[in-house]
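Welcome, and thanks for taking a look at this protein. Please have the sequence and the 3D view open while you read the notes that follow.

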Amino acid sequence: MVLVGDVKDRVAILVDDMADTCGTICHAADKLLSAGATRVYAILTHGIFSGPAISRINSACFEAVVVTNTIPQEDKMKHCSKIQVIDISMILAEAIRRTHNGESVSYLFSHVPL
């Protein structure tokens with residue numbers, strides 16, 4: 001793994017579509033911290049968190065690992081205080097409603113329902 005760019009004295013945010021066993025993202029976090037990042041966060045769309053994932057996250061240098069609720073995370077959160085969940089049910093429901101009614105889904109890019 002090669003780090004491109006300067007992260008010294010900066011907050012680093014890793015963004016990924018999904019994390020399963022979290023080996024790669026934890027390795028990337030360690031790399032960022034050793035390169036001088038002050039804090040490291042992970043933002044994930046789908047937190048699968050299988051096998052050693054929770055143990056790896058707990059041992060890693062993350063300030064927080066933020067995931068959506070596309071997969072239930074209540075059980076994982078009991079074992080890892082670093083996991084935070086963003087509820088996306090309202091935006092998914094609105095996207096489905098708009099699709100069903102033939103309305104613009106791209107409207108949601110600038111008007112997020114709460």
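## Helix α4 and its two sides

Helix α4 has three buried residues, namely Glu94, Ala95 and Arg98. Looking down the axis of α4, you find these buried residues within an arc of 100 degrees, so they line one face of the helix. Please keep in mind that this is a predicted model.

- On the face of α4 turned away from the buried side, you will meet the exposed residues Ile96, Thr99 and His100.
- Helix α4 covers residues 89-100, which makes 12 residues. From its first C-alpha to its last, α4 reaches 16 Å, close to the 16 Å expected at 1.5 Å a residue.
- Just after α4 comes Gly102, with a positive phi of about 70 degrees.

## The overall layout

- The protein contains 4 helices and 4 strands. Starting at the N terminus, the elements follow the order β-α-β-α-β-α-β-α.
- Along its principal axes, the C-alpha trace spans about 50 × 35 × 20 Å.
- Of the 114 residues in the protein, 32% are buried.
- Among contacts with a separation of 6 or more, 52% are between residues 24 or more positions apart.

## Strands and crossovers

- Strand β3 takes in residues 62-68 and is mostly covered, with 6 of its 7 residues buried.
- On one side of the pairing story, strand β2 (residues 39-47) joins β3 in the parallel sense over 5 bridges. Here Ala42 has Val65 in β3 as its bridge partner.
- To get from β2 to β3, the chain passes through helix α2 (residues 53-59), and this β-α-β crossover is right-handed.
- β3 also pairs with strand β4 (residues 83-86), in the parallel sense and over 4 bridges. Val67 has Val85 in β4 as its bridge partner.
- The chain goes from β3 to β4 by way of helix α3 (residues 74-79), in a β-α-β crossover that is right-handed.
- As a general point for reading strands, side chains in a regular strand alternate between the two faces of the sheet.

## A closer look at Ile83

- Ile83 lies in strand β4. Ile83 is buried, with a relative accessible area of 4%.
- Leaving aside residues up to four places away in sequence, Ile83 touches Phe49, Ile54, Val65, Val67, Lys76 and Met77. Two of these contacts, Val65 and Val67, were named above as residues with bridge partners.
- For a sense of distance, try Ile83 and Asp30, which are 53 residues apart along the chain. The C-alpha atoms of Ile83 and Asp30 are separated by 17 Å.

## Cysteines without disulfides

- How many disulfides are there in the model? With a cut-off that calls for two cysteine sulfur atoms within 2.5 Å, the count comes to 0.
- Cys61 is in no disulfide, and its nearest cysteine sulfur, that of Cys26, is 8.1 Å away.
- Why does Cys80 form no bond with Cys22? The closest cysteine sulfur to that of Cys80 is in Cys22, at 8.9 Å, and this is too far for a bond.
- Is Cys80 buried or exposed? Cys80 is buried, with a relative accessible area of 1%.

How values were computed
Residues are numbered from 1 along each chain as its sequence is written. This is a predicted model: local features need pLDDT of at least 70, side-chain atom pairs count only at pLDDT 80 or more; totals for chains, interfaces and linings use all residues. Side-chain values use heavy atoms; hydrogens and water are left out. Buried means under 20% relative accessible area, exposed over 50%, partly exposed in between (1.4 Å probe, protein chains only). Helices (H or I, at least four residues) and strands (E, at least two) are DSSP runs, numbered from the N terminus. Two strands pair if DSSP finds at least two bridges between them. A crossover is right-handed if, with the strands pointing away from the viewer, the path from the first strand over the helix to the second runs clockwise. The expected span of a helix is 1.5 Å times one less than its number of residues. The arc is that of the directions from the helix axis to the C-beta atoms. Contact means heavy atoms within 4.5 Å.
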